Amino acid sequence: MNLSEGDEILEVVDKDGNVQGLAKRSDIHGDPSLIHRVIHVLIFDKKGRLLLQKRSMGKDVAPGRWDTSVGGHVNPGEDILEAAGREMKEELGVADCALNYLYSYLFSNHIESELVSTFSCIYNSRFFFNKNEIDEIAFWDIDKIRENLGRDIFSNHFEKEISIYLKK
């Protein structure tokens, strides 16, 4: 079945990640009481810089904003490690980066609620990013990221992600 992005089927979970049912993305992204699972991957280079992606202007959430290296929904029946690997391949063409689980947290705003599982890896090879989803990628020094927090450069999701990462 070929569903549009808004008709993508996702699992609705509780705050602990236990599956409660299924719903369309378009329904989930309009009801913050419905929690769904997502993954983030923080990709660092050997110098300790963090790869960020500038979201396509065509995205419905945070268009044109700098965001986490990789982020995406967890498909029904998929575990978070599988989802992280799939999203890395889809977004950046990366298939050979050893993922380390960092932490999970709940992100909620007036549109949606996500149970985020974050991984990291170190990668020093080429990227082949998806130009339909990403306008640009660049490695950022952590100090440069800190200097630009709160200046409407980053997505709200990334600002939450990096604040949690920096506290760890």
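## Around Y101

Leaving out residues up to four places away in sequence, Y101 is in contact with I80, S117, T118 and F119; contact here means heavy atoms within 4.5 Å. Before going further, a word on the ground rules: this is a predicted model, in which local features need pLDDT of at least 70 and side-chain atom pairs count only at pLDDT 80 or more, while totals for chains, interfaces and linings use all residues. Residues are numbered from 1 along each chain as its sequence is written, and side-chain values use heavy atoms, with hydrogens and water left out.

Y101 belongs to strand 7, residues 100-108. Strands (E, at least two residues) and helices (H or I, at least four) are DSSP runs numbered from the N terminus. With a relative accessible area of 46%, Y101 is partly exposed; buried means under 20%, exposed over 50% and partly exposed in between, using a 1.4 Å probe and protein chains only. The side chains of Y101 and S104 are joined by a polar contact of 2.7 Å. Such a contact is a pair of N or O atoms within 3.5 Å; within protein, one must be able to donate a hydrogen and the other to accept it, and residues adjacent in sequence count only if both atoms are side-chain atoms. For a longer view, Y101 and E133 are 32 residues apart in sequence, and their C-alpha atoms are 24 Å apart in space.

## T118 and its neighbours

Now look across at T118, which is found in strand 8. Is T118 buried or exposed? Its relative accessibility is 0%, so T118 counts as buried. Not counting residues up to four places away in sequence, T118 touches H40, L42, N100, Y101, L102, Y103, Y105 and E161.

## Strand 3 and its partners

Two of those neighbours, H40 and L42, lie on one side of strand 3, together with H36, V38 and F44. I35, R37, I39, V41 and I43 are on the other side, and both faces are covered. In total, 10 of the 10 residues of strand 3 are buried.

Which strands pair with strand 3 in the antiparallel sense? Strand 1 (residues 9-13) does so over 2 bridges, and strand 6 over 4 bridges. Two strands pair if DSSP finds at least two bridges between them. On the strand 1 side, V12 stands opposite H36; in strand 6, G71 is the bridge partner of H40. Strand 8 pairs with strand 3 in the parallel sense over 10 bridges, and there F44 stands opposite I122.

## Helix 2

Helix 2 covers residues 80-92. At 1.5 Å a residue, its 13 residues should span 18 Å, and the end C-alpha atoms are 18 Å apart, which agrees; the expected span is 1.5 Å times one less than the number of residues. At the start of the helix, a side-chain oxygen of D79 comes to within 3.0 Å of the backbone nitrogen of L81. Just after the helix, G93 has a positive phi of about 70°.

Which residues of helix 2 are buried? They are A83, A84, R86, E87, M88, E91 and L92. These buried residues pack against strand 3 (35-44), strand 4 (50-55), strand 6 (70-73), strand 8 (113-122) and strand 9 (134-140).

## Aromatic rings

A search of the whole structure finds 8 aromatic pairs. The rings of Y103 and Y105 have centres 6.1 Å apart and planes at 45°, so this pair is tilted. Rings of Phe, Tyr and Trp (its six-membered ring) pair if their centres lie within 6.5 Å; planes under 30 degrees apart count as stacked, over 60 as edge-to-face and the rest as tilted. Both Y103 and Y105 are buried. F154 and F158 form another tilted pair, at 5.1 Å centre to centre and 55° between the planes. F154 and F158 are buried too, and ring pairs link them with W66 and W140 into a cluster.

Charges sit over rings as well. K144 lies over the face of W140, at 4.5 Å from the ring centre, and K131 lies over the face of F129, at 5.4 Å. The criterion is NZ of Lys or CZ of Arg within 6 Å of the ring centre and within 35 degrees of the ring normal.

## Positive phi in the loops

Most residues other than glycine have a negative phi. A62, in the loop between strand 4 and strand 5 (66-67), has a positive phi near 50°. D152, in the loop between helix 3 (142-148) and helix 4 (156-167), has a positive phi near 60°. D152 is exposed, with a relative accessible area of 58%.
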